[in-house]
Amino acid sequence: MEKVRIGIIGFGCIGKVHMNTLKKIENAEVVAVCDIDENELRYAKEKYGISNLYRDYHDLIARSDIDAVLVCLPNRLHSIVTIDALKEGKHVLCEKPPAITAKEVKDMFEASKKYGRKLLIGLTMRFRDQTRVIKEYIDSGVLGDVYYAKCGYLRRSGIPGMGSWFTTKSEAGAGPLYDIGVHALDLTLWLMGDFKADSVLASTYAKFGPRGKGMGTWGKPVPGGPFDVEDLAVAFIKMQSGATVFLEVSWAAHIGESSIYSIILGDRGGVDYSSATIYTEEKGILVDRKLRYVRNDPYLAELQHFINCIVKDEEPITKAEEMIWLQAILEAALKSAEEGRVVKVSEVL
């Protein structure tokens, strides 16, 4: 079996997750790693036996024996490195969020089309079997006309890499809105089958990070580094269809438990993602239908899909139009919070 040869650009937390996961896929092989941190390169060599190590990603993507790359870098670099890699003929799995602006996302997918290479965005929630089962039910029309959804990703104490690029606006674009809010929003809009938003009204707050509170275990803290992003955001999103979506997201908040949730309501039924339950009415009787699914490893499913896109010419599950709208909504939410007004999503498209 011919293996897809892969390079990982950025060997932080998520880069290592992908490295460990790829070892479970028979027709995939990591042959090179790039990181600006010499310690990470040393770890890649000692732990995983990777001998092709680079500090400049240009040197990695120039290799003719690499088929694909994983872009696991600060958000500011997503579009830059992805486009460069596509130009070099590499297929790309780029971590979420797709980029910092909707325009950057457009450029990424235009490059994917121009150079004939696959581009997948790492929105792992789509690859949960729980998500697959719920989406199949919704697509069958069980909810009817969907008119309202609320979703969120809330952490009690989980600010990643305090003082690092994660908490630096010029590098990350935003805080939890872009970092984990993208997961909750994409999951919900994908289940709804509707990404076209009209306008957004949002607010953001930074109540923990500026005081050095709420630190999580993800990322590499940089003592004394900046914190100029939000640590909580809320957004009221009006869709072109007339539906409304409410989003709340936090890295740190005084709540009981950390959670990710999505509740979608239609005129014939509703769904609670967390419990995988459909609420509907049958023959005049209120019915709660608990859906059965298999707990799986979404990272493994995501990477296997990426490999299949390359080997079997499958189409990436993250479509260009969806990703452009997704980033535009997040960008509009940030603009709304900063300017204190309702922002039309068309302003950033």
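In the predicted model, strands S11 and S12 form a hairpin in which two residues lie between them. The pairing within this hairpin is antiparallel and rests on three bridges joining S11 to strand S12, which spans residues 269-272; across it, Ile263 stands opposite Asp272 in S12. Strand S11, residues 259-266, is also joined to strand S7, residues 146-154, by eight bridges, and these two strands likewise run antiparallel. Within the pairing of S7 with S11, Gly152 is found opposite Tyr261.

A second hairpin is formed by S9 and S10, with four residues between the strands, and Gly242 in the turn has a positive phi of about 105°. Strand S10 comprises residues 244-250 and pairs with S9 in the antiparallel sense over seven bridges, with Phe246 of S10 serving as the bridge partner of Phe236. Strand S9 is further joined to strand S8, residues 197-205, through eight bridges, again in an antiparallel arrangement, and in this pairing Ala197 stands opposite Met239 of S9. The two faces of S9, which covers residues 232-239, can be told apart by their burial: Ala233, Ala235, Ile237 and Met239 make up the covered face, whereas Leu232, Val234, Phe236 and Lys238 make up the uncovered one.

Ile237, a residue of the covered face of S9, reappears in the analysis of nonpolar packing, where Leu177 and Ile237 touch the most other members of the largest nonpolar core, a set of 88 residues. Helix H11, residues 320-339, contributes ten residues, the largest share of this core. When neighbours within four places in sequence are left aside, the contacts of Leu177 are Val182, Glu230, Ala233, Leu247, Val249, Leu330, Ala333 and Leu334. Another core, of 24 residues, lies apart from the largest one and includes Met19, Ile50, Phe127 and Ile307.

Packing between helices is illustrated by H6, residues 129-139, and H9, residues 181-192, whose axes come within 9 Å and cross at roughly 35°. On the side of H6 the contact is made by Thr131, Ile134, Lys135 and Ile138, and on the side of H9 by Leu187, Trp190 and Leu191. Classified by residue type, the contact of H6 with H9 consists of five nonpolar residues together with one polar and one charged residue.

Notes. Residues numbered from 1 in each chain as written. Predicted model: local features only at pLDDT ≥ 70, side-chain atom pairs only at ≥ 80, totals over all residues. Heavy atoms only, no water. Pairing = 2+ DSSP bridges. Axes fitted to C-alpha atoms, helices over the stretch in contact; angles between N-to-C directions. Contact = heavy atoms within 4.5 Å. Nonpolar A, V, L, I, M, F, W, Y, C, P; charged D, E, K, R; others polar. Core = buried A, V, L, I, M, F, W, Y, C linked by side-chain atoms within 4.5 Å. Buried < 20%, exposed > 50% of the residue type's maximum accessible area, 1.4 Å probe, protein only.
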